[in-house]
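This briefing is meant for a reader meeting the structure for the first time. It takes up a few strands, then pairs of charged side chains, and then the aromatic rings.

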Amino acid sequence: MRIRVVRPGELDDGEADSWRELRAKSGAPASPFMEPEFTLAVAGVRQDARVAVVEDDGVPAGFFPYQKGPFGHGRAIGLGVSDCQGAVLRPGLRLSARELLRACSLSVWEFDNLEAGQDLFGPGSAEEFVSPVIDVGEGYAAYERRLREQSPKFLRTTMAKERRLGRQAGEVRFVFDERDPSALRTLMAWKSAQYRRTGRRDRFAREWISALVRRLHDTRAPGCSGVLSVLYAAERPVAAHFGLRSRTVLACWFPSYDTAYARYSPGLILHLRMAEAAAAAGIGMLDLGRGAAEYKDALKTGELRVHEGSSTRPGPGAALHRLSREPGRRAHSFVRRRPRLAGYAQRTLGRIGRLRGD
C-alpha cells in the first residue's frame, strides 16, 4: 500500500473518477460535501487544502481530503462550513488512522461533522449529534401527508401564511435553481445580518467562505452542484437558501429571509417549496444539517448521526491540541447538554447582537 499527498488540483481525471466510484460504493447518503468537486472548490480559495491518495497495487483505493495547518494540525476540508466529513475508502481496505495521519505528516485531524460509518476515525469521536433530514423519496405528496399527521397545525399555519403573503405582498413565485448572482448577494447580506443580530460570528465576513459560496454557485456537476432557491413576492425576494445537491441529496446550508416579511414565516414557506421541487427533481432527501432549531423539528422526518472530535497519533502535537482545544470543547459540550444553560447562552448572544445595533 502506498499513500501520497497532493494538492487537489493535481488529481487527474482518472483519480477523480475513482473517487466518485468509491464514494458511490460506500452505501452512505450521497452528500455533495464528500465529492471531489467540493474539495476542489475549497482548494480554489485556500492554499492549505490537500488530498491523501491511497493506492493498493497501483490502483486508487482511497482519498482523504483535509486542510494542513502548522505543527501537524489537520482539519476536515472546509471545517466550519462543511456538513459531512471523512475519508472515501474502498470497503474492507486495511488501513489505520495512525498510518493515514503519519503519511499526511499530521499529529491530529479535527472534525465537526464526521459522517456515521467512518469507523477509521470512530474511536476519536468526542461527541455525537443529530442532523435532521426530510425524506421525499416517495414524492412530495407523501411527505405532505406525513406532515399533516405529525405536525398538522404547523402545516396548516404555514400554508395560510403563504396565501396571506400573496394577498398582502403580491404574487408569490418560487425558483428552485436561481442563477442570478444578485440574488446570491442578497442572501449573503441577509445571512450576515442574521449572524450579527443573533450575536454569532459572521461567516461571510471571512473572505474564503464568501468566495467558496460564489464558486460553488457556479459549480455544475452530477455529484455536487450549487443550488440557490428563492421565494419572491411581487418579484421581490423575501426568502432564499443556498445549498449543494447531488443526484439524490440536497444539503441545506445557508437559509435566510427579509425580516420585513417575518410575520409571514417566509423561511418555512421556502423550505416546503424546496422539498416539493427537490422531490420533482429526483432528490430523495434534504439534509437540514446539524444544530437544534424549531423549524427543523417541524419539518424533519428522520435523522442522521454526525460526530465532532479529533483523531490523533501519539506525540507532542497531539498533546498540544488537547491542551488548547479540549477545555473549550468540553465547556461547550457542558452547556449544550443542559437546556437551561443553553437557553441562557442563546439569550446572551441575542443581547450581544442587539448591542451591536444590527
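## Strand β10 and its neighbours

In this predicted model, strand β10, which covers residues 236–245, is largely enclosed by the rest of the structure, because seven of its ten residues are buried. Strand β10 pairs with strand β9 and is also joined by bridges to strand β11. Beyond these strands, a search of the whole structure finds 21 salt bridges, and the structure also holds 15 aromatic pairs.

**Pairing of the strands**

- Strand β9, made up of residues 225–233, pairs with β10 in the antiparallel sense, and nine bridges connect the two.
- Within this pairing, valine 227 has glycine 243 of β10 as its bridge partner.
- The strands β9 and β10 form a hairpin with two residues between them, and alanine 234, which lies in the turn, has a positive phi of about 55 degrees.
- Strand β11, residues 249–257, runs antiparallel to β10 and is joined to it by six bridges.
- In that second pairing, alanine 239 has its bridge partner in β11, namely tyrosine 257, and a hairpin of three residues joins β10 to β11.

**Salt bridges**

- Aspartate 177 and arginine 179 form a salt bridge in which the closest N and O atoms are 3.0 Å apart.
- Both ends of this bridge can be placed by their accessibility: aspartate 177 counts as partly exposed because its relative accessibility is 28%, and arginine 179 counts as partly exposed because its value is 32%.
- Another salt bridge brings together the side chains of arginine 214 and glutamate 207, with an N to O distance of 2.9 Å.
- Here arginine 214 is partly exposed, at a relative accessible area of 39%, whereas glutamate 207 counts as exposed, since its relative accessibility is 53% and the class begins over 50%.
- Aspartate 297 forms a salt bridge with lysine 300, where the closest N and O atoms are 3.8 Å apart.
- Salt bridges with shared partners extend this picture, joining Glu128, Asp297, Lys300, Glu303 and Arg305 into one network.
- Within the network, aspartate 297 is partly exposed with a relative accessible area of 48%, and lysine 300 is partly exposed with a relative accessible area of 21%.

**Aromatic rings**

- Among the 15 aromatic pairs of the structure is that of phenylalanine 33 and phenylalanine 38, whose ring centres are 5.0 Å apart and whose planes stand at 80 degrees, so the pair is edge-to-face.
- Both members of this pair are buried, phenylalanine 33 with a relative accessible area of 3% and phenylalanine 38 with a relative accessible area of 0%.
- The rings of tryptophan 109 and phenylalanine 111 have centres 5.2 Å apart and planes at 45 degrees, so this pair is tilted, and both residues are buried.
- One aromatic cluster is formed by Phe33, Phe38, Tyr195, Phe204, Phe242, Trp253 and Phe254.

**Charges over rings**

- The charged end of arginine 46 sits over the ring of tryptophan 208, at 4.7 Å from the centre of that ring.
- Arginine 290 lies over the face of phenylalanine 129, and its distance from the ring centre is 3.6 Å.

Terms used: Residues are numbered from 1 along each chain as its sequence is written. This is a predicted model: local features need pLDDT of at least 70, side-chain atom pairs count only at pLDDT 80 or more; totals for chains, interfaces and linings use all residues. Side-chain values use heavy atoms; hydrogens and water are left out. A salt bridge is a side-chain nitrogen of Lys or Arg within 4 Å of a carboxyl oxygen of Asp or Glu. Buried means under 20% relative accessible area, exposed over 50%, partly exposed in between (1.4 Å probe, protein chains only). Helices (H or I, at least four residues) and strands (E, at least two) are DSSP runs, numbered from the N terminus. Two strands pair if DSSP finds at least two bridges between them. Rings of Phe, Tyr and Trp (its six-membered ring) pair if their centres lie within 6.5 Å; planes under 30 degrees apart count as stacked, over 60 as edge-to-face and the rest as tilted. A charge sits over a ring if NZ of Lys or CZ of Arg is within 6 Å of the ring centre and within 35 degrees of the ring normal.
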